[in-house]
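Colleague: Thanks for sitting down with me. Could you walk me through this fold one question at a time?

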Amino acid sequence: MELTSSQLDALTELINIGYARAAAALSELTGHRISLEVPDVGVHIIAEISGRLQKVIQGEVASVNQVFSGPITGNAILLLDREAALLLNRLLTDRPDMAGFDGAAREVITEVGNIVLNACLGAFGNLLKVQVTFTVPSLQIESVQTVLRSITIADRELEYALIIHTRFHMRVNDVSGYLVIILGVTSLEKLLLELKKWEDREVN
């Protein structure tokens with residue numbers, strides 16, 4: 001499914017509002033100024049996304065996965081490669097990353113994922129007037145292929161994915177990752193319909 005430039009612009013603006021909220025929450029949590037870059041958004045069919053992501057994220061990844069439901073249903077996942085996840089943990093906590101993904105690091109990464117995913121999904125609810133509920137996020141340390149396979153096998157209705165490049169700026173460091181929102185055909189169509197209504201409300 002190809003999005004029009006207007007649809008992509010609206011989706012990018014929506015995600016950007018969510019990012020601004022996430023950055024404010026992370027800054028307040030850590031006491032350090034954190035910003036998130038204006039997102040680069042693309043829509044792809046499920047069959048393509050594993051190969052696309054494996055080109056930019058190799059090896060083990062930390063993935064924070066949150067299932068959301070309502071008029072728009074699907075999975076939202078924050079993906080960080082091992083180096084990025086451990087750097088993010090170190091920058092946020094001042095802890096050395098010698099311990100790798102110990103219990104404390106897992107808690108920090110899960111909480112970051114929770115903040116980012118909730119802010120973006122919350123933007124869907126608040127701005128698009130769509131009531132979205134979400135589950136408690138879960139953290140996995142696996143390959144991109146394994147993470148995506150476990151989600152798409154669990155729900156065969158899922159067919160499309162929004163892939164959003166994420167870059168955190170903090171303490172002169174950049175941490176790069178990907179936010180992936182996986183949707184079925186009906187949910188994607190509903191999202192685009194609600195985006196159009198939102199655009200119309202903004203214009204009027």
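Colleague: How many of the twelve residues of strand S8 are buried?

Modeller: Happy to help, and please keep in mind that this is a predicted model. Strand S8 covers residues 173-184, and it is largely enclosed by the rest of the structure. The cut-off for buried is a relative accessible area under 20%. The number of S8 residues that count as buried is nine.

Colleague: Which strand pairs with S8 over twelve bridges?

Modeller: Two pairings of S8 are worth a look. Strand S4 (residues 74-81) runs antiparallel to S8 over six bridges, with Leu-78 as the bridge partner of Leu-179. On the other pairing, also antiparallel, Arg-167 stands opposite Ser-176 and Ala-161 stands opposite Ile-182. The strand with twelve bridges to S8 is S7, residues 158-170.

Colleague: Is Ile-181 buried or exposed?

Modeller: Ile-181 belongs to strand S8. Leaving out residues up to four places away in sequence, Ile-181 touches a set that includes Ile-15, Phe-68, Phe-124, Tyr-160 and Leu-162. Its relative accessibility is 1%, and residues under 20% fall in one class. Ile-181 is therefore buried.

Colleague: Which residue in S7 is the bridge partner of Gly-42?

Modeller: S7 is mostly covered, with ten of its 13 residues buried. Strand S1 (residues 34-36) pairs with S7 in the antiparallel sense over three bridges, and there Ser-35 stands opposite His-169. Strand S2 (residues 40-45) is also antiparallel to S7, over six bridges. In that S2 pairing, the partner of Gly-42 is Ile-163.

Colleague: Which residue forms a salt bridge with Glu-37?

Modeller: The count of salt bridges in the model is six. One of them links distant parts of the chain, from the loop between S1 and S2 to strand S7, 130 residues apart. Glu-37 is partly exposed at 32% relative accessibility, and its partner is partly exposed at 22%. With a distance of 3.4 Å from N to O, that partner is Arg-167.

Colleague: How far apart are the closest N and O atoms of Glu-48 and Arg-52?

Modeller: Both residues lie in helix H2 (residues 46-56), four residues apart, about one turn of the helix. Residues three or four places apart in an α-helix point the same way, because there are 3.6 residues a turn. Glu-48 is partly exposed at 36%, as is Arg-52 at 43%. Their closest N and O atoms are separated by 3.7 Å.

Colleague: Which residues does the salt-bridge network with Glu-194 join?

Modeller: Glu-194 forms a salt bridge with Lys-197, at 3.5 Å between the closest N and O atoms. The two are three residues apart in helix H6 (residues 185-203), so about one helical turn separates them. Glu-194 is buried at 6% relative accessibility, whereas Lys-197 is partly exposed at 38%. Through salt bridges that share partners, one network joins Lys-190, Glu-194 and Lys-197.

Colleague: How far apart are the end C-alpha atoms of helix H4?

Modeller: Helix H4 runs over residues 103-128, which makes 26 residues. At 1.5 Å a residue, H4 should span 38 Å, and the model agrees with that. After H4 comes Lys-129, with a positive phi near 60 degrees. The end C-alpha atoms of H4 are apart by 37 Å.

Conventions. Residues numbered from 1 in each chain as written. Predicted model: local features only at pLDDT ≥ 70, side-chain atom pairs only at ≥ 80, totals over all residues. Heavy atoms only, no water. Buried < 20%, exposed > 50% of the residue type's maximum accessible area, 1.4 Å probe, protein only. Pairing = 2+ DSSP bridges. Contact = heavy atoms within 4.5 Å. Expected span 1.5 Å × (residues − 1). Salt bridge = Lys/Arg side-chain N within 4 Å of Asp/Glu carboxyl O.
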